[in-house]
Each structure stands twice: as C-alpha cells, then as structure tokens.
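This briefing covers the chains of one model, their contact and their nonpolar cores. Please look over the sequence and the structure first.

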Amino acid sequence: MTQKKTGSGTGKQSLSRRRLLATAGKGALAGAAAVGFPAIIGKAPISSAKAAFEGEQLIVVSWSGNYELVFREHVIDPFNAKYGTKAETVGGWDQMINQIVAAPADNPPYDIIVAEEFIGSTGLAENVYVKRDDSKIPNLSTVYPWFFETRPQTATAFGVPFGGGTTMLLANKRAGGVENSWKSLWDERFKGKVTMDSNAFWYTLSVPALTYGTGISDVWTWPDKTTKLIEEIEKLKIAKWYKDGAEQANIMLQEEALVAMSYSSDGYTFLQQAPDEFDLTVPTEGVAAWADWYFKIRGTHHSELADLFMNYLLEKETQDRVLANSSIFMARKDVAVPSHWKGYPASNEDYHRMFQVITMEGWAQLLPNWEAIDKRWKEAVLKTSS
Amino acid sequence: MTAVTLSEARPARLRVDGRLGQFALLVPALALVTIFFALPAIYMLRMSFNAHEGGQSYSEAWTFANYLRLLTEPIYLFSLGKTFLLALVTAAVTVVFAYIFALYLWLQRGWHKLVFLAIALCPLLISEISIIFGWWMFFPNNGVLSITLLQLGLIEDKISLMYTVFAAIVGLTYISLPFGIFILLSIFDGIDRRVLEAASDLGAPPLKTFAEVLFPLTRSGIVVAFSQAFVWTIGTYATPIALGPDSLWTIGLEIYQQMNTWRDWPFASALAMVLILLVLGSMALTRRLTGRDVTHHV
C-alpha cells in the first residue's frame with residue numbers, strides 16, 4: 001500500500017514533471033503560433049500582431065523630401081498606431097547602398113530601404129537584399145504584373161513593389177500658354193527660363209528621348225543615341241540646373257525659371273501649396289517612370305516585423321491613403337483614384353503604355369559607360385548654363 | 001658620499017619620469033588622432049589604388065589609374081582649379097573683412113565690444129543649410145535685396161544675384177568670417193596698445209602706424225586666418241552648389257558624386273587624397289610663413 005502509494009506517487013510526480021515540461025513546450029509553441037506566427041504571414045488579427053511586435057523598432061528608408069513626409073504621415077504613423085511598433089523613416093537617396101556596404105553585414109543601418117531600378121541594381125550587385133518569402137506577403141497577389149514584367153526575373157525575387165513616380169512638366173502660369181508637350185522646354189520664349197535635373201541626368205535625357213528620339217532606350221544606347229540626346233539638351237538655355245527638390249522649388253518660386261522638368265512628388269507639392277500659380281501635366285509624348293520597391297536588408301534584426309511592414313505597404317488602405325496625398329502611382333490594382341489624378345492607369349496595359357522605365361537591363365548597359373557619359377554630360381551642363 | 005650619489009641620481013630619475021609622464025599625457029590625444037584621422041586616411045589612401053569594376057563599389061587592386069585619370073582628364077583639372085581659385089578668393093575676402101572687424105572689436109571697450117562679439121558669433125549658431133536658405137531669400141529676383149533696391153529707386157527692374165560666383169563667395173565668406181575674426185582678435189589682444197600711442201607720440205600718422213607697426217605685428221594672424229578660410233573653403237560643396245552658377249562645381253561635389261552616385265570609391269578616394277595634399281601644403285606654407293611667433297597667440 002505504502003509502496004504502491006509511494007510508487008504511484010513517484011510515478012505521478014515524474015509523469016507530471018514530464019507532462020508539465022511537454023505542456024509548457026506545446027503551450028509556448030501554441031502561444032507563439034497564436035501571437036506571433038499569424039502576424040508574420042500577414043493574416044494575423046491585429047491584437048495578436050500587436051502583442052508580437054509591440055515596441056519593436058524598424059528603420060525604413062524612403063526617398064527624402066516630400067515623398068518622405070507623405071510616407072511618414074500616411075504609412076509609418078498609421079502602421080505604428082495599428083501595431084504599437086516604433087517604426088521610423090529616414091530620408092535617403094544614392095548613399096543608402098554605400099552605408100549598408102560600409103556597415104557590418106550583421107548590423108545594417110537600415111532594415112528596409114526603398115529603391116528604384118538604379119539603386120535596386122546596385123543593391124543586387126552588392127548582395128545586400130534578402131529574398132522575399134511570398135507566403136509572408138499575401139497582398140502581393142493584388143499588384144499589377146507590370147511591376148514584375150519590367151525587371152529581370154532574378155530581381156523580382158527581392159523586395160515588394162509599392163508604387164512609382166514619373167517625370168512631369170511643371171509650368172508657372174505666368175509663363176502663359178505652355179503647350180502640354182516636352183517641346184515647351186525648347187520654346188524660344190523660355191530660353192534661359194528652364195530648369196532641369198543635372199544630378200539624375202538619365203531622367204533629364206529621357207525628355208529628348210521621348211520627344212525627339214526613338215524611345216527611352218536611347219538613354220542607355222551609348223554613344224550614338226545618348227550623344228544625340230545630349231545634343232538636343234545642348235540646344236536649351238537653362239536658368240539653373242537643379243540638383244534636388246529644394247533647389248528646384250527655390251528656382252521656380254523665385255521665378256528664376258518658368259518651366260521645368262519635375263518629378264511627381266515634387267510637382268505635387270507645388271500643386272498643393274500654390275495651385276493658382278503652377279500647372280503640372282503629363283506631356284503628350286509620355287513620361288519616364290521608375291518603380292519604388294521596398295527591400296529587406298540582409299542582417300536585419302527585425303526580419304519578421306519587416307515582412308509584416310512590407311505586407312502592410314500593399315494593404316488597400318495604405319495604398320489609398322498615399323495615392324490620395326501624392327501624384328505617384330501605386331502597385332495595387334484596386335486603389336481609389338483621387339480627383340487630382342487625371343488619367344490614372346486602369347489596366348496593366350495602361351501601365352506599359354504610360355510609363356517608360358529606365359529598366360535594370362538599361363542600367364546594365366548604362367553603367368559600363370558611366371564615366372564617358374558623365375564627362376559628356378558635364379560639358380552639356382557647362383554649355384547650357386546661363 | 002652616499003648622499004651626493006642619491007642627490008645626483010634623483011634628478012635623473014625625475015627626468016625619465018618627466019618624459020614618460022609627458023608621453024602618457026599625449027597618449028589619449030594620439031589615440032584619438034590615430035583612430036579617427038590617421039587610420040581612415042590610411043584606409044582612404046589604400047582605397048585610392050583599388051579598381052572600380054563589375055558594378056561594385058571597388059575591387060581589390062594596386063593601380064595608379066585613378067590618379068592618372070585625375071591628372072589627365074581636363075574636366076577634373078578644371079574642377080580642381082575652380083575649387084582652388086574659389087578658396088583663394090574667399091580666403092582673401094574673409095581676411096580683409098575679418099581684419100577690419102577684429103580691429104574694430106579690439107579698439108572697443110565695455111558693452112559695445114560685447115555686442116559686436118555677439119554679432120561675430122551669430123553665423124556659428126546657424127547651420128550651413130539654414131544660412132543657404134537665408135541667402136536664397138536675399139539674392140534672387142524676388143529677394144530682399146532686389147525688392148529693397150527697387151523700392152529705394154536705385155534700380156528700375158528687378159535684379160538677381162543668385163547663382164553667381166559673387167553669391168557663392170559671399171555665402172562662403174559669411175561662414176568662414178567668424179573663425180577669421182576670432183583668430184585675428186586673439187592676435188590683436190596680444191598686442192600692447194601703448195605701441196600705437198608711442199608711434200603717434202613719435203609723429204607717425206595713422207596710416208603709417210598701421211603699415212609699420214600694427215600690420216607687421218598681426219601678420220602671423222593674417223596668415224593663419226587666411227589658411228583657415230582656405231582649408232575650410234576648399235573642402236566645402238553645399239554653399240557653392242546652392243548659391244553659385246552651374247559651372248562652379250567644386251572638387252567636394254565631385255567627391256560626393258563619385259562616392260554616392262557613381263559609387264566609384266577608389267576614384268573618390270583619389271580625389272580626396274589630392275584635396276588632403278592641398279590642405280597639408282597650405283598648412284606647411286602657413287607654418288613656414290608664420291614661423292614660431294604664431295604659436296604665442298593662436
């Protein structure tokens with residue numbers, strides 16, 4: 001009896017210890033599954049995702065300037081409010097990849113960065129992106145195929161498309177009767193009253209490529225076609241070449257220039273802040289465009305939160321909010337098009353027709369000739385300066 | 001006898017301790033300079049001999065191609081020349097204005113001196129970008145200068161001084177001026193004012209007193225202020241880009257573009273090394289021109 005009791009007692013104790021451990025293990029797994037895992041695949045109830053990621057930091061680089069402001073207000077802040085995270089955005093441009101390469105591989109300065117075709121290519125060459133796990137980005141199915149069709153298969157395995165921007169024609173209404181054509185920049189009336197980007201000159205070269213050339217591929221067909229484009233640029237008289245959005249704004253607001261090749265995000269600021277003074281149009285010849293993809297960086301310590309964020313970028317509410325407050329185009333097919341966006345593309349064919357991209361394949365041809373093009377470009381800047 | 005030996009030995013031990021002590025005192029500063037300046041400079045020097053190929057920022061190599069490119073491509077020599085000239089002119093203008101301001105400050109006393117000292121400090125309290133935005137409001141067609149001149153009836157039509165070499169030099173001078181003022185003021189403060197009275201008592205007119213007494217006494221300060229303004233200006237790029245004409249691209253901008261836009265780290269490093277050599281040359285020249293007397297004041 002005593003033995004039985006004892007034996008039984010001992011047996012019960014030992015069993016309960018094992019059971020306890022097993023139950024605890026299963027409980028932990030179940031808890032993690034209930035709290036964290038569904039959040040990772042993007043189907044989580046908000047409460048469980050919030051519990052999993054509350055207080056966690058995430059550093060996302062978006063373009064600087066107006067884009068960054070819109071991104072902070074309409075993506076980062078709502079994301080933090082929804083999940084209780086401490087995501088933040090910092091502005092960045094061509095220095096991003098250098099900063100990542102220079103930092104230790106297991107401790108990058110950013111968790112996610114935005115990149116168009118150029119920075120996308122350089123990041124791929126430096127191997128700084130993490131391959132996408134499609135199972136964690138269910139919203140990917142809502143994206144226009146155009147985003148995947150305009151870059152090489154190998155590149156589409158990384159990052160998520162968010163939207164894109166375009167070049168646009170910006171004109172001061174005081175200029176009077178500016179034709180909705182890139183040819184307006186060559187109009188005799190505006191000699192010495194034109195401004196364009198001297199820094200990202202490939203977009204500047206897209207203007208004569210679409211207007212006088214055979215298409216955007218002229219930009220990277222060095223030397224024959226690219227040289228012809230530069231010669232077209234040399235026929236202009238530039239008030240001042242700008243190197244960033246702030247400089248462009250100053251040149252236009254101070255009326256140093258009356259017409260400009262602008263970018264969708266910068267142009268939208270003019271429309272918002274001085275709608276009676278400026279016209280922003282998509283010229284009849286079409287526009288050069290780029291696609292903004294967000295890439296997870298290798299070595300990030302917040303890999304799961306990064307996946308959640310990348311899926312959040314493609315939520316309908318997120319895409320609608322950003323579109324309502326910008327002139328960029330979005331990745332999702334079912335966005336609510338705001339009234340200020342006239343002629344927003346309605347199909348994948350529209351995307352192909354409207355947006356001419358300096359593709360990654362184009363960059364692959366452009367980069368080996370970089371030094372020669374840069375040298376020739378500098379001569380053009382000198383020739384056209386007022 | 002023993003006592004004598006001990007007393008002779010003691011100063012010798014102290015001398016050794018003194019040297020060790022002096023060295024120990026130098027160690028923190030040496031460590032800082034080595035870690036934060038010497039090692040990065042050595043790394044940059046090594047980087048300047050690497051190659052740039054295959055879409056990557058650099059590939060390991062030992063080549064003089066970057067230096068050869070710099071010295072044979074007219075576009076980079078042009079950029080180097082422009083930067084050098086801009087730095088020279090800015091340094092000269094800075095020294096002239098800093099000298100006048102410092103002299104005026106030196107001659108003042110009491111609250112008047114304090115007010116002008118505060119004015120001299122002002123540019124140091126504002127970031128370079130904010131200063132640039134200030135000039136953007138001042139120089140253009142619709143800027144403060146143009147509107148004021150128009151309202152005063154001094155001009156008939158709006159004028160713009162934006163995006164001119166003049167605007168760039170004004171912007172650069174404004175930033176380097178406080179440093180020049182305080183360097184020269186420290187020199188002036190080391191001069192006994194009675195020498196001016198003595199010169200006057202001996203019948204020297206003010207101009208002669210300046211040329212033969214004050215100017216020689218402040219020459220070392222002029223050289224140091226010039227050198228400081230030159231070194232600061234030669235490495236800058238934000239102000240010349242924002243205020244100057246398109247043709248005024250400096251070597252600083254070239255380094256930025258080669259590094260970040262083109263991602264050609266070896267060539268950017270070669271350009272930076274040349275810039276460092278220019279700065280070192282300027283410092284060596286300053287040292288030679290000033291001799292030892294400058295260390296008493298600056």
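What percentage of the 298 residues in chain B do buried residues make up? Buried residues make up 29% of them, where buried means that 20 or more other C-beta atoms, placed from the backbone, lie within 10 Å of the residue's own (12 or fewer is exposed, in between is partly exposed). This is a predicted model, in which local features need pLDDT of at least 70 and side-chain atom pairs count only at pLDDT 80 or more, while totals for chains, interfaces and linings use all residues. Residues are numbered from 1 along each chain as its sequence is written, and chains are lettered from A and ligands numbered from 1 in the order in which they are written.

**Chain B**
- Chain B has twelve helices and zero strands; helices are DSSP runs of H or I with at least four residues, strands are E runs of at least two, and both are numbered from the N terminus.
- Its radius of gyration is 25 Å, against near 19 Å for a compact globule of 298 residues; the radius is taken over C-alpha atoms, and the globule rule is 2.2 Å times the number of residues to the power 0.38.
- Along the principal axes, the C-alpha atoms of chain B fill a box of roughly 95 × 70 × 30 Å.

**Contact between chains A and B**
- Chain A gives 24 residues to the contact and chain B gives 22 residues; two residues are in contact if their C-beta atoms, placed from the backbone, lie within 7 Å.
- On the side of chain A that touches chain B, α16(A) supplies the largest share, six residues.

**Helix α13 of chain A**
- A:Thr318, A:Gln319, A:Val322 and A:Leu323 are buried in helix α13 (residues 316-324) of chain A.
- These residues lie on the same side of α13(A) because they cover an arc of only 125° around the axis, the arc being that of the directions from the helix axis to the C-beta atoms.
- The buried residues of α13(A) pack against α4 (66-83), β4 (160-172), α12 (303-313) and β9 (329-330) of chain A.

**Nonpolar cores**
- The largest nonpolar core has 106 residues, of which A:Ile112, A:Val194 and A:Phe309 touch the most other members; such a core is a set of buried Ala, Val, Leu, Ile, Met, Phe, Trp, Tyr and Cys residues joined through C-beta atoms within 7 Å.
- Strand β8 (residues 287-296) of chain A provides the largest share of this core, eight residues.
- A second, separate core of 38 residues includes B:Ala102, B:Met162, B:Tyr163 and B:Leu177.
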